[in-house]
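Biologist: I want to learn how to read charged pairs and burial in a model. Can we go through a case together?

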Amino acid sequence: MNNRKMTSAFSIVEAIVGMAITAIIMSIIFVVFSIVTERMMDYKNQNESICDLNRLTYSVNKDIFENEKMTVIDNEITFKGYSGENIKYSFLEDYTLRNNEIFIDTFKIKLNQIHIDTVKSKSEQFVFQKLKFNIEINENKMDLKFYKRIYANELLLKENNEK
């Protein structure tokens, strides 16, 4: 009286083959995930650098046009406002600080050189202060140029002060 029921199951060899195929698929997924993660980190770092460059350019342009006087001493630029407030840019080894009286802003941009000059327009009717930054971002060097128009009353005051 052998009344045993047969139950269907996997053999040991089939289970081992299934586990080996699963391990191969998992290792391929892990390698693809590592590559995608690395590319995403590269994209994030590049995007942060571009964002810092845009913020720096916007801040300097805004400070040039909204303030009365711009002076450069060593690796610092100071903007003096019409109502007496000061904004100072300090260029440190690997980053730039913008120090407003209210807050401090940090840009991860390395400055190589600051150059300030006075230039005239092609028609020689207008005089501008030209501010040139030589910066390094993502191991690429580039120049940023900013211009501030100097009005006649400022030129006359400067002339009177020199006499």
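Biologist: Is E38 buried or exposed?

Modeller: This is a predicted model, so read burial as a computed value. Buried means under 20% relative accessible area, and exposed means over 50%. E38 falls in between, at 46%, so E38 counts as partly exposed. R39 is also partly exposed, because its value is 47%.

Biologist: What do the side chains of E38 and R39 form?

Modeller: They meet in a salt bridge, with N to O at 3.6 Å. The cut-off for such a pair is 4 Å.

Biologist: How many salt bridges does a search of the whole structure find?

Modeller: Nine. One of them pairs D105 with R55, where the closest N and O atoms lie 3.0 Å apart. Look at where the partners sit. D105 is in strand β5 (residues 104–107), and R55 is in helix α1 (residues 12–66). The two are 50 residues apart, and the pair links distant parts of the chain.

Biologist: Which burial class does each partner get, D105 first?

Modeller: D105 is buried, because its relative accessible area is 18%. R55 has 28%, so R55 counts as partly exposed.

Biologist: Which strands hold E76 and K88?

Modeller: Start with the contact itself. The side chains of E76 and K88 meet in a salt bridge, at 3.9 Å from N to O. E76 belongs to strand β2 (residues 76–80), and K88 to strand β3 (residues 86–91). They are twelve residues apart in sequence, so the pair ties those parts together. E76 has a relative accessible area of 31%, so E76 is partly exposed. K88 is partly exposed too, because its relative accessibility is 31%.

Biologist: Which residues are joined into one network by salt bridges that share partners?

Modeller: E38, R39 and D42. To read a network, follow the shared partners from bridge to bridge.

Biologist: Now a residue outside that list. Where is Q129 found?

Modeller: Q129 is in strand β7 (residues 127–137).

Biologist: Is Q129 buried or exposed?

Modeller: Buried, because its relative accessibility is 17% and the buried class ends at 20%.

Biologist: What does Q129 touch?

Modeller: Set aside residues up to four places away in sequence. Q129 then touches M70, I116, D117, F146, Y147, K148 and I150. Read the class and the contact list together: Q129 is buried, and its contacts include F146 and Y147.

Conventions:
Residues numbered from 1 in each chain as written. Predicted model: local features only at pLDDT ≥ 70, side-chain atom pairs only at ≥ 80, totals over all residues. Heavy atoms only, no water. Buried < 20%, exposed > 50% of the residue type's maximum accessible area, 1.4 Å probe, protein only. Helix = DSSP H or I, 4+ residues; strand = E, 2+ residues; numbered from the N terminus. Contact = heavy atoms within 4.5 Å.
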